[in-house]
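This note is for a colleague who is opening the entry without background. The points are numbered so that each can be checked against the structure on screen.

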Amino acid sequence: MSTMTLSTYGSKVSVNQGFLANPSTITLNRRGRLARTFVVLSLAIVLGSVVSAKAGAGIDAAPQAAGSFITVTVAPGDTVWSLANRLAGARDVRSLVSEIISVNSLASVDVATGQKLRIPLT
């Protein structure tokens, strides 16, 4: 709700309508409204792309060095755990098992006889 005040200064009358009055005399034509809409949409697209780019920022996807893998053919009775246990050395076997699964993009720990697996050395 707004208030209207009238005050007279000499022979002039000024009207103050509060927040409802348009303080500027600038009006946008069709081209100006289109330009304003374009600028707002462009800023929204840029903001959306920045937010979506930051969404995967926590993923650690550092590539491995070219010579840091060996290829092993799975023998009958071998499991990912037995291969990791055999090749781990001083490393943690559990971390090597998870590395083997992620490097070879395995859906589970099941492996087939004759399947070739890449084993990280470092």
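What share of the contacts in the protein with a separation of 6 or more comes from residues 24 or more positions apart? The share is 46%.

1. Overall layout. The model is a predicted one. Its secondary structure consists of 3 helices and 4 strands. Along the sequence these elements come in the pattern β-β-α-β-α-α-β. The protein has 122 residues, and 15% of them are buried. The exposed area is about 9900 Å², with 62% of that supplied by carbon and sulfur atoms.

2. The largest nonpolar core. This core has 13 residues, and those that touch the most other members are Ala-84, Leu-96, Ile-100, Leu-117 and Ile-119. At least two residues of the core come from each of α2, α3 and β4. The biggest contribution is that of α3, which gives 4 residues.

3. Leu-96 and its surroundings. Leu-96 belongs to the core residues just named. With neighbours within four places in sequence set aside, its contacts are Ala-84, Leu-87, Ala-88, Arg-91, Ile-119 and Pro-120. Leu-121 sits in the segment after β4. Its C-alpha atom is separated from that of Leu-96 by 9.2 Å, while the two residues are 25 apart along the chain. Leu-121 is partly exposed, because its relative accessibility is 47%.

4. Helix α2. This helix covers residues 80-87, and Val-80, Leu-83 and Ala-84 are buried in it. Which side of α2 do these residues take? They lie on the same side, because the arc they cover around the axis is only 95°. An α-helix has 3.6 residues a turn, so residues three or four places apart point the same way. The cover over the buried residues of α2 includes β3 (69-73), α3 (93-103) and β4 (116-120). Just after α2 comes Gly-89, with a positive phi of about 70°.

5. Salt bridges. How many salt bridges are there? The count is 3. Side chains of opposite charge can pair when their charged atoms come close. The pairs are taken one by one below.

6. Arg-86 and Asp-78. In this salt bridge the closest N and O atoms are 3.0 Å apart. Is each partner buried or exposed? Arg-86 is exposed, because its relative accessibility is 53% and the cut-off for exposed is over 50%. Asp-78 is buried, because its relative accessible area is 17% and buried means under 20%.

7. Arg-91 and Glu-99. These side chains also meet in a salt bridge, with an N to O distance of 3.0 Å. Arg-91 has 23% relative accessibility and therefore counts as partly exposed. Glu-99 is likewise partly exposed, at 27%. Arg-91 appears again among the contacts of Leu-96.

8. Arg-94 and Asp-92. The closest N and O atoms of this salt bridge are 3.7 Å apart. Arg-94 is exposed, with a relative accessibility of 58%. Asp-92 is partly exposed, with a relative accessible area of 38%.

9. A nonpolar surface patch. Which residues form a nonpolar patch on the surface? They are Phe-38, Val-39 and Leu-43, and together they have about 340 Å² of accessible area. Val-39 is located in helix α1, which runs over residues 30-55. Val-39 is partly exposed, because its relative accessible area is 46%.

10. Asn-104. Where does Asn-104 lie? Its place is the loop between α3 and β4. Is Asn-104 buried or exposed? With a relative accessibility of 18%, Asn-104 counts as buried, because the limit for buried is under 20%. Apart from residues up to four places away in sequence, Asn-104 touches Leu-117 and Arg-118. Leu-117 is also one of the core residues that touch the most other members.

11. Points to look at again. On screen, a reader may begin with the core, to which α2, α3 and β4 each supply at least two residues. The buried residues of α2, namely Val-80, Leu-83 and Ala-84, can be viewed next, together with β3, α3 and β4, which are among the elements that cover them. The surface patch of Phe-38, Val-39 and Leu-43 can be viewed after that.

Note on methods:
Residues numbered from 1 in each chain as written. Predicted model: local features only at pLDDT ≥ 70, side-chain atom pairs only at ≥ 80, totals over all residues. Heavy atoms only, no water. Salt bridge = Lys/Arg side-chain N within 4 Å of Asp/Glu carboxyl O. Buried < 20%, exposed > 50% of the residue type's maximum accessible area, 1.4 Å probe, protein only. Arc of directions from axis to C-beta. Contact = heavy atoms within 4.5 Å. Patch = residues over 30% accessible without salt bridge, like charges linked within 9 Å, V, L, I, M, F, W, Y side chains within 5 Å. Areas by Shrake-Rupley, 256 points an atom, 1.4 Å probe, with all protein chains shown as cover. Core = buried A, V, L, I, M, F, W, Y, C linked by side-chain atoms within 4.5 Å.
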